[in-house]
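Here are some exercises to work through with the structure open beside you. Try each task before reading its solution.

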Amino acid sequence: MEALRASSFPSFHPPPISTKLARTISEKPYFHIPSIQQITTTPLSKIHSKKANFKVFTAISPTAAPSSTEEESSSPDQEIDSENNEEKFDWYANWYPVVPMCDLDKRRPHGKKVMGMDIVIWWDRNEDAWKVFDDSCPHRLAPLSEGRIDQWGRLQCVYHGWCFGGAGDCKLIPQAPRDGPPIHTSKKACVAVYPTCVQNGILWFWPNSDPQYKDILSKKKPHYIPELDDPTYTNSMIARDIPYGYEILIENLMDPAHVPYAHYGIMSAGKTPESLKADREGGRPLEINIQKVDINGFTAKQVFGDNYFIPPCLYYGFFSPGGDQTVKKTSSSGTKDVVSPIPPQKRALLIFYCVPVSPGNSRLIFVSPRNFAVWIERIFPRWIFHIGQNLILDSDLYLLHVEERKLMEVGSINWQKSCFVPTKADALVVAFRRWLNKYGGTKVDWGTKFTGLLPPTPHREQLFDRYWSHTVNCSSCSVAHKRLNVLEIALQVFSVFAVGIVAAAKQGVISVAARYALFSAAVLCFVASKWLSHFIYKTFRYHDYDHAFR
């Protein structure tokens with residue numbers, strides 16, 4: 001059960017964490033499990049400055065002094081006023097995770113949206129590499145993601161048959177005369193190509209097709225987490241499109257205080273001492289301290305360890321199942337319960353990749369590698385674990401969707417004025433908003449692609465949709481969905497067939513016992529098919545959530 005909980009967004013109370021320098025894909029990973037006291041940080045690569053020149057910044061230092069009282073109490077207005085003197089975070093000078101490798105099919109192109117950019121991912125067998133193109137044919141702007149990979153390994157637009165190679169160059173224009181000028185060699189016939197790399201089981205892309213970034217991987221790499229490549233850890237991933245924005249998604253994942261309430265009954269928040277327990281759900285004071293917030297993010301210190309935010313997408317940390325205990329401490333004010341860490345023997349990470357998609361939409365890639373009960377994920381398919389993980393995402397989905405629209409009304413710069421956050425339980429969320437206001441321009445830089453307005457709220461069934469937001473894009477869930485549908489039909493066919501045999505058989509041809517057996521089997525198969533139909537619908541298509549009766 002601990003392993004199942006670990007794969008279903010356990011409470012986020014990690015002990016110290018260790019990461020290594022990011023490295024190129026061709027290098028053999030160096031697996032390293034740090035001791036409890038050991039903490040190393042990764043120097044983050046170059047980040048664009050406001051003047052567009054590159055400058056090297058060091059990573060967040062776990063030993064840096066906590067932010068001062070003045071900094072903690074500074075308002076968003078003060079932070080925005082100081083922006084002219086601060087380095088600005090360049091949203092388009094960073095690697096972005098696109099999709100887990102386990103969900104990619106080399107036989108077809110895949111369409112995605114990241115940072116408001118429509119991209120197509122496809123496997124170039126001629127270069128033996130994944131490619132990311134602009135999802136637009138230069139001919140008539142049809143989406144290349146709806147195309148196919150032809151018999152020569154080229155990406156073909158199925159609107160008029162134009163074909164493209166791995167460098168974005170046009171290889172064929174079927175409508176061009178064979179003895180005419182080679183118009184397919186024109187630069188206007190080329191497709192924009194984005195730098196890509198594969199790291200930690202995820203495909204990444206650089207959102208700038210300018211040729212100067214062709215070799216950007218040699219200068220700057222995505223943040224590397226060695227445990228994701230360590231065979232002694234599990235690495236099952238889930239990806240899902242979320243109907244609320246990047247800012248709200250990260251805030252929610254940084255908020256451990258909401259777990260016992262928004263996810264009551266489906267997610268363990270850890271045992272709360274009776275002396276600290278305030279209600280049925282087990283809410284309690286949380287001690288969270290933030291180190292200095294800078295352009296490279298920040299570190300949050302808890303009694304259980306450190307959590308890291310590395311912009312723009314990564315939030316992660318360690319936790320240890322059963323890695324804390326309640327002890328009695330006596331002071332002049334009397335005896336009280338105190339939660340203290342136990343040196344962990346079982347270790348796991350919570351890793352969240354939060355991807356900006358468009359205003360009001362984001363994508364979550366989640367993985368919780370652990371070094372215990374590894375056999376469970378080797379026996380059960382991924383879709384089994386996705387059931388609980390999707391339910392957790394659904395349980396606070398509507399709350400966050402509505403919250404985002406209310407924040408839009410007051411403006412992101414007025415977040416701290418509109419929200420009352422008096423306890424340390426909200427320290428991570430406040431730190432993220434401070435970073436966003438001070439370095440990120442108060443929100444994701446969408447350029448000129450959007451007006452800034454949020455899309456209208458759809459009806460509830462579309463808002464909680466699982467099929468288009470996850471099932472069709474997940475290699476495990478899509479296969480399970482098809483197979484279970486086949487099983488449902490088979491049960492119904494057998495039920496009708498059995499009843500037909502019983503009805504058509506003449507008296508004496510089939511014994512009374514056989515008649516009863518066939519009829520009973522028909523009824524059981526029909527009931528099983530109805531239950532399976534309900535299970536398929538709630539698991540792979542739509543599952544509403546009502547907090548009132550939890």
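**Exercise 1.** Find how the residues of the lining of the largest pocket divide into nonpolar, polar and charged.

*Solution.* This is a predicted model, and the pocket is a good place to begin.
- Step 1: take the number of residues in the lining, which is 43.
- Step 2: sort these residues by type, which gives 15 nonpolar, 15 polar and 13 charged.
- Step 3: look towards the centre of the pocket, where Asp241, Trp468, Ser469, Val472 and Asn473 lie nearest.
- Step 4: add the volume, about 1100 Å³.

**Exercise 2.** Work out which element supplies the largest share of that lining.

*Solution.*
- Step 1: list the elements that each supply at least two residues; the strands are E4 (110-114), E14 (237-242), E21 (348-358) and E22 (361-367).
- Step 2: add the helices H8 (397-410), H11 (460-463) and H12 (475-504), which also supply at least two residues each.
- Step 3: pick out H12, whose five residues are the largest share.

**Exercise 3.** Identify the residues that make the nonpolar surface patch, and say where Val527 lies.

*Solution.*
- Step 1: locate Val499, Phe519, Val523, Phe526 and Val527, which together make a patch of about 430 Å².
- Step 2: assign the patch to elements; helix H13 (residues 512-540) gives the largest share, with four residues.
- Step 3: place Val527, which lies in H13.
- Step 4: check its accessibility. Val527 has a relative accessible area of 49%, so it is partly exposed, as the exposed class needs over 50%.

**Exercise 4.** Leu141 and Thr442 both have a positive phi. Is each of them buried or exposed?

*Solution.*
- Step 1: read the angles. Phi is about 65° for Leu141 and near 75° for Thr442, and neither residue is a glycine.
- Step 2: find the loops. Leu141 sits between strand E6 (129-134) and strand E7 (148-149), while Thr442 sits between helix H10 (427-438) and H11.
- Step 3: apply the cut-offs. Leu141, at 62% relative accessible area, is exposed because the value is over 50%. Thr442, at 13%, is buried because the value is under 20%.

**Exercise 5.** Describe the peptide bond from Pro311 to Pro312 and place Pro312 in the chain.

*Solution.*
- Step 1: check omega, which is near 5°, making the bond from Pro311 to Pro312 cis.
- Step 2: look at the neighbouring elements; Pro312 is in the loop between strand E17 (305-310) and strand E18 (314-319).

Key: Residues are numbered from 1 along each chain as its sequence is written. This is a predicted model: local features need pLDDT of at least 70, side-chain atom pairs count only at pLDDT 80 or more; totals for chains, interfaces and linings use all residues. Side-chain values use heavy atoms; hydrogens and water are left out. On a 1 Å grid over the protein atoms alone, a cavity is a set of points where a 1.4 Å probe fits but cannot get out, and a pocket is an open set with protein on both sides within 12 Å along at least five of seven lines; lining residues have an atom within 4 Å of a point. Grid points are joined across faces, edges and corners, and a volume is the space filled by probe spheres set on the points. Ala, Val, Leu, Ile, Met, Phe, Trp, Tyr, Cys and Pro count as nonpolar, Asp, Glu, Lys and Arg as charged, and the others, Gly among them, as polar. Patches are made of residues with over 30% relative accessible area and no salt bridge: like charges are joined within 9 Å, nonpolar side chains (Val, Leu, Ile, Met, Phe, Trp, Tyr) within 5 Å. Accessible areas come from the Shrake-Rupley method with a 1.4 Å probe; for residues, only the protein chains shown count as cover. A salt bridge is a side-chain nitrogen of Lys or Arg within 4 Å of a carboxyl oxygen of Asp or Glu. Buried means under 20% relative accessible area, exposed over 50%, partly exposed in between (1.4 Å probe, protein chains only).
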